[in-house]
Structure formats: C-alpha cells, structure tokens
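Let's take a walk through this fold, starting from the strands and working outwards to a few individual side chains. Have the viewer open and follow along.

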Amino acid sequence: MDFTKKQILRILFLFIFSISFAQTAKTDSLRGEFTYLLQYKPNTLARDYVVKELFSLQISDSRAFFISENKLKFDSLFMERYNKNKNHIDLTNIPPSRSNFLIIQTNENSQYYEAVGMTLLTYNSPAINNWKLINETKLINSIACKKAEVRYKGRDWTAWYSTEIPFPYGPNKFSGLPGLIVKITDKKGDYDFELVKSVPNSKIKGKIITISDRHYQNAKLVTKKELVDARTSFKENARYQLESMGTVFSQDAKDNPRDRQKKNEIEKKGYNPIELED
C-alpha cells in the first residue's frame, strides 16, 4: 500500500473513532471493581495453544459491565493523545484486544454489544436461572468459595462463588449466584475465568464506571445470528477493499491461495467458541 492510501485509511479510522467517542457514563456509581484472567483454547485442533486476556468487571448499583482491559487502555490512551493533538494521533504502543465486545449484566438479562464497522450492534440473553448449588466449599486465592454447576449454551460449567462478596455477578454472561463468581471453568477445560485482582472499597468511593458509553449507547438491536453474520461479512468486505487498494497481508506473501484456503478450512473446522449453542 502506498503512502497516500495509508493516510486515507488512517484519517478514516480516526474520524470514525473520534466522532463516536463519548463521555463516560455519569449515572453509574462504582460499587465494585474486579479483574479476571481468561485462559482459553480457540481451536480444538490445536489444544496446546492457549490465549490469555485480562477483563474488567465494574459493578454499579443495578448492573455490571464486563469488558477487555486492553479495550479500556485503548480508550484511555486514545483520548489522552487526541486531546494533545487532534490532527496527529500516534497509535503506536496502544495495546490490541482480541475481544471486541462489552457485556452488561442485570438481574433480568445479559446484553452483548459489539461494533461492526461503523454500526454498534446488540443482542440480549436471559439471565441464567438454572444454577445447581453444591454443598462443597473451597479456598481460592484466600477467598472462601461455594460450588455451583450449570449447563449453559452447550457447555457444562463449574463455578466457585463467594457470599463474602455480595454481588450476584461474574465474568462474561455468568450471573445469578448469591455472591461474586471467583472462578468458573467449563468441564472440557477450554475456558477458564479466575478472579486475580479486586480494588478495595476505600479506593472506589465516589468513583463512577470508567467505561465510555459509546460502547453501548444507541446500539441497534439484532439477533445473535445477525450480529455474527454482520461481523463475518464486514471482515470479508474489509479485506477485499484493502486488497483492491494494493494491500498485501504478510501471511499471504508466504502462502499460495490453495494453502490459504486449506488453513482457513482448518481454522473453521476447529473453531471453539465459548457458546456452542444459541
């Protein structure tokens, strides 16, 4: 890609991001802030490959926000550099995230949000209400926990929650237990969330949720299938547009079309999402 095309793409990206960047929600007072480590296996045909990512769970009076910490860092760094110089924003050293979504939990449902191109899409899932409480206890990271099990979206999950932390929330869409979920793992060992950090109450007093409302305001309500289809279509079209402008992807330089097709088929065949059923 030549210099002019790079500049055009950069300007378009900055324009889209800057006009969509809103202030943080001022109506949500922060009541709890927790960090979870997710370890998961994205492909069943490469089970030794494990991806790790940190997520933030921020809890207000009536709902909880679950989002990648790298997305939060991107927001913070982008605004810092945008405020310094709106005409030239250095995007180097801004951490990428593999998880481009936000989940907001309430007692009634879990609302999933994802930006696909310039459109913010959302779908909702009913709150989990079929937990099986098990008479078993365990100490995890010095926290006294109780056991619960659930089958959700095609996977069997074991959760450990603490009634000492009286929030009915947890990572991803997992909520509805009589205490914060400290650890939850599916029985195949493909996905594991574990609480690794919590902010003391003394440090959150008077603070608000630090998640920009651009991640959830004015979203278009769709079904999960419609969101997945839109995401796939956008990626394919974006790649086509870049290639038509002369972009050469590094991996493509090494692989011929037949090898790329075979690789894509393997990735699709072994695709291992957290939800196996709708």
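One cut-off first: a residue is called buried when its relative accessible area is under 20%, and exposed when that value is over 50%. With that in hand, look at strand β5, residues 109-116: six of its eight residues are buried, so the strand is largely enclosed by the rest of the structure.

Keep in mind as you look around that this is a predicted model. The average pLDDT for the protein is 84, and 73% of the residues score at least 70. Two stretches deserve caution. Over residues 1-26 the pLDDT stays under 50, and the model has 47 contacts beyond four places in sequence for that stretch. Residues 247-254 also stay under 50, with 10 such contacts in the model.

Back to β5 and its partners. On one side there is strand β4, residues 102-105, which pairs with β5 in the antiparallel sense over four bridges. If you want a register mark for that pairing, take Leu 102, whose bridge partner in β5 is Tyr 113. The link from β4 to β5 is a hairpin of three residues. The other pairing is with strand β6, residues 119-126, where eight bridges join the two strands, again running antiparallel. Here Asn 109 has Pro 126 in β6 as its bridge partner. β5 and β6 also form a hairpin, this time with two residues between them, and Gly 117 in the turn has a positive phi of about 65°.

Now zoom out. How many strands make up the open sheet, and in what order do they sit? There are 12, arranged as β7-β8-β9-β10-β11-β1-β2-β3-β4-β5-β6-β12, with mixed pairing. The edges are β7 (132-140) and β12 (220-221), each of which pairs on one side only. As general background, strands of a sheet pair through backbone hydrogen bonds, either parallel or antiparallel. Further along the order, strand β1 (residues 32-40) is joined to strand β11 (residues 191-198) by seven bridges, and the two run antiparallel. Within that pairing, Leu 37 stands opposite Glu 194 in β11.

The edge strand β7 is home to Thr 137. Is this residue buried or exposed? Its relative accessibility is 61%, so Thr 137 counts as exposed. Leaving out residues up to four places away in sequence, Thr 137 touches Cys 145, Lys 146 and Trp 160. Ser 162 is 25 residues away along the chain, and the C-alpha atoms of Thr 137 and Ser 162 are separated by 9.6 Å.

For a contrast, go to Ser 68 in strand β3, residues 64-68. Ser 68 has 0% relative accessibility, so it counts as buried. Its side chain makes a polar contact with the side chain of Glu 53 at 2.6 Å. A polar atom of the Ser 68 side chain also lies 3.2 Å from the backbone nitrogen of Asn 70. Beyond four places in sequence, Ser 68 touches Glu 53, Leu 54, Phe 55, Ser 97 and Ser 99.

Next, a loop. Phe 167 sits between β9 (155-162) and β10 (180-186). Although it is in a loop, Phe 167 counts as buried because its relative accessibility is 18%. Not counting neighbours within four places in sequence, Phe 167 is in contact with Arg 31, Gly 32, Phe 34, Ile 59, Leu 177, Gly 179 and Leu 180. Arg 63 is 104 residues apart from Phe 167 in sequence, yet the C-alpha to C-alpha separation is 9.9 Å.

The last stop is Glu 275, in the segment after α6 (257-269). Where do you find this acidic side chain's polar partners? One is the side chain of Lys 173, in a polar contact of 2.8 Å. The side chain of Lys 224 is joined to that of Glu 275 by another, of 2.6 Å. Glu 275 is buried, with a relative accessible area of 10%. Its contacts beyond four places in sequence are Tyr 123, Tyr 152, Lys 153, Lys 173 and Lys 224.

Notes. Residues numbered from 1 in each chain as written. Predicted model: local features only at pLDDT ≥ 70, side-chain atom pairs only at ≥ 80, totals over all residues. Heavy atoms only, no water. Buried < 20%, exposed > 50% of the residue type's maximum accessible area, 1.4 Å probe, protein only. Polar contact = N/O pair within 3.5 Å; in protein donor to acceptor, adjacent residues only side chain to side chain. Contact = heavy atoms within 4.5 Å. Pairing = 2+ DSSP bridges. pLDDT = per-residue confidence, 0-100.
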